[in-house]
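Me: I am new to this structure and would be grateful for a close look at its aromatic pairing. Please continue from there to the ring contacts and the helix packing.

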Amino acid sequence: MSTTTPGKPLVHALNVTKSFHSTQVLKGIDIDVHSGEVVCLLGPSGSGKTTFLRCINQLETINGGRIWVDGELMGYDDRDGTLYRLSDKRIAQQRGEIGMVFQRFNLFPHKTALQNVAEGPIQVQKRSKAEALKEARELLDRVGLAERADHYPAQLSGGQQQRVAIARALAMKPKLMLFDEPTSALDPELVGEVLDVMRELAEAGMTMIVVTHEISFARDVADRVVFMDGGVVVEEGPSKEVIARPQHERTKTFLRRILAEQHESAVPQVPVADPADG
Ligand SMILES: Nc1ncnc2c1ncn2[C@@H]1O[C@H](COP(=O)(O)OP(=O)(O)OP(=O)(O)O)[C@@H](O)[C@H]1O
Ligand SMILES: [Mg+2]
């Protein structure tokens, strides 16, 4: 059950910094995401989007700042202002409340779709096998894959695998879903089916942070977009507003480039004969 206090953000990131060796890749990120909100994180390659998502669910440790999820300080215990690293067990518990879907479908290859989805609830949450399998079937149905429950990942298309990955994350009943370019490794014709599942999830009220270059998804589904560049938040606001009228030059340049690329890929590569010519 969520313990979120009304009005308090579900995700509260405050002045988050992260360095790899001597390079600072997050330079003080402040982001709030409220319960039920969908936030798209946009930005050029290397701007720190993946790193920030990984910091939220403690796949990376942060060097400064703090991240709270549902009122809990992630990774640390704060005793009178001094931070103490939590035990691995506590961190695993915190992480268990956050679902993450990556660019590459990382399903267990030797398990069926159904087994992939039921694995976490059975192994990690120690729930009854019968109940976990029943719920896994319902989740596969929800992502449109009821018929593929007994298929192995290699027998599924990229789009289907990614939908299994979403069902698998949902099986843990997360408070928050993080998506890191979930459609960018897919053939163009498979992108829509994954975005449709994400759109339904958003409509059902899931809190989501989505790194994506799918500008139309960001505009139509996200409540807000956050544009990052060089490890800082350059601009943020209601998605339709920022996408239609970006204020900062870097946001404008980025959006122009992405939209031009998407427009190019939407235009047929082979010239289509005009019947009027024949
Ligand atoms: N494990 C790591 N070790 C060293 N440097 C890293 C590591 N992970 C990321 N970086 C660096 O941190 C910077 C931010 O990377 P990150 O992957 O967060 O960017 P991104 O915005 O997700 O980019 P992309 O759009 O290409 O996925 C990059 O310069 C990257 O090379
Ligand atoms: Mg990335």
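**Aromatic pairing and helix packing**

Reply: In this predicted model, a search of the whole structure finds 1 aromatic pair. The partners are Phe-227 and Phe-254, whose rings are 5.2 Å apart centre to centre, with 45° between the planes. Since planes under 30 degrees apart count as stacked and those over 60 as edge-to-face, the pair formed by Phe-227 and Phe-254 is tilted. Phe-227 belongs to strand 11 (residues 224-229) and Phe-254 to helix 9 (residues 249-266), so the pair ties together parts that are 27 residues apart in sequence. Phe-227 is buried, its relative accessible area being 2%. Phe-254 is likewise buried, at 3%.

Rings also take part in contacts with charged groups. The charged end of Arg-79 sits over the ring of Tyr-84, at 4.2 Å from the ring's centre. Arg-85, in turn, lies over the face of Tyr-76, 5.0 Å from the ring centre.

The helix packing may be taken next, beginning with helix 3 (residues 113-123) and helix 4. Their axes are 8 Å apart and make an angle of about 130°, which means that helix 3 is oblique to helix 4. The crossing of helix 3 past helix 4 is right-handed. On the side of helix 3, the residues that meet helix 4 include Ala-113, Leu-114 and Val-117. Among those they meet in helix 4 are Ala-132, Leu-133 and Ala-136.

Between helix 4 (129-142) and helix 5 there is a loop that holds Leu-156. This residue, Leu-156, is buried, with a relative accessible area of 8%. Leaving aside neighbours within four places in sequence, Leu-156 is in contact with Ala-113, Arg-148, His-151, Gln-161 and Val-164. One of these contacts, Ala-113, is also among the residues of helix 3 that meet helix 4. By contrast, the C-alpha atoms of Leu-156 and Gly-71 are separated by 39 Å, the two residues being 85 residues apart along the chain.

Beyond the loop comes helix 5 (residues 158-170), which packs with helix 6 (residues 188-203) at an angle of about 20°, their axes 8 Å apart. Angles under 35 degrees count as roughly parallel, and helix 5 and helix 6 are therefore roughly parallel to each other. Helix 5 passes helix 6 in a crossing that is right-handed. Gly-158, Gly-159, Arg-163, Ile-166 and Leu-170 are among the residues of helix 5 at this meeting. From helix 6, the residues involved include Leu-190, Glu-193, Val-197 and Leu-201.

Notes. Residues numbered from 1 in each chain as written. Chains lettered and ligands numbered in written order. Predicted model: local features only at pLDDT ≥ 70, side-chain atom pairs only at ≥ 80, totals over all residues. Heavy atoms only, no water. Phe/Tyr/Trp six-rings, centres within 6.5 Å; stacked < 30°, edge-to-face > 60°. Helix = DSSP H or I, 4+ residues; strand = E, 2+ residues; numbered from the N terminus. Buried < 20%, exposed > 50% of the residue type's maximum accessible area, 1.4 Å probe, protein only. Lys NZ or Arg CZ within 6 Å of the ring centre and 35° of its normal. Axes fitted to C-alpha atoms, helices over the stretch in contact; angles between N-to-C directions. Parallel < 35°, antiparallel > 145°, perpendicular 65-115°, else oblique. Left-handed = near helix turned anticlockwise from the far one by under 90°. Contact = heavy atoms within 4.5 Å.
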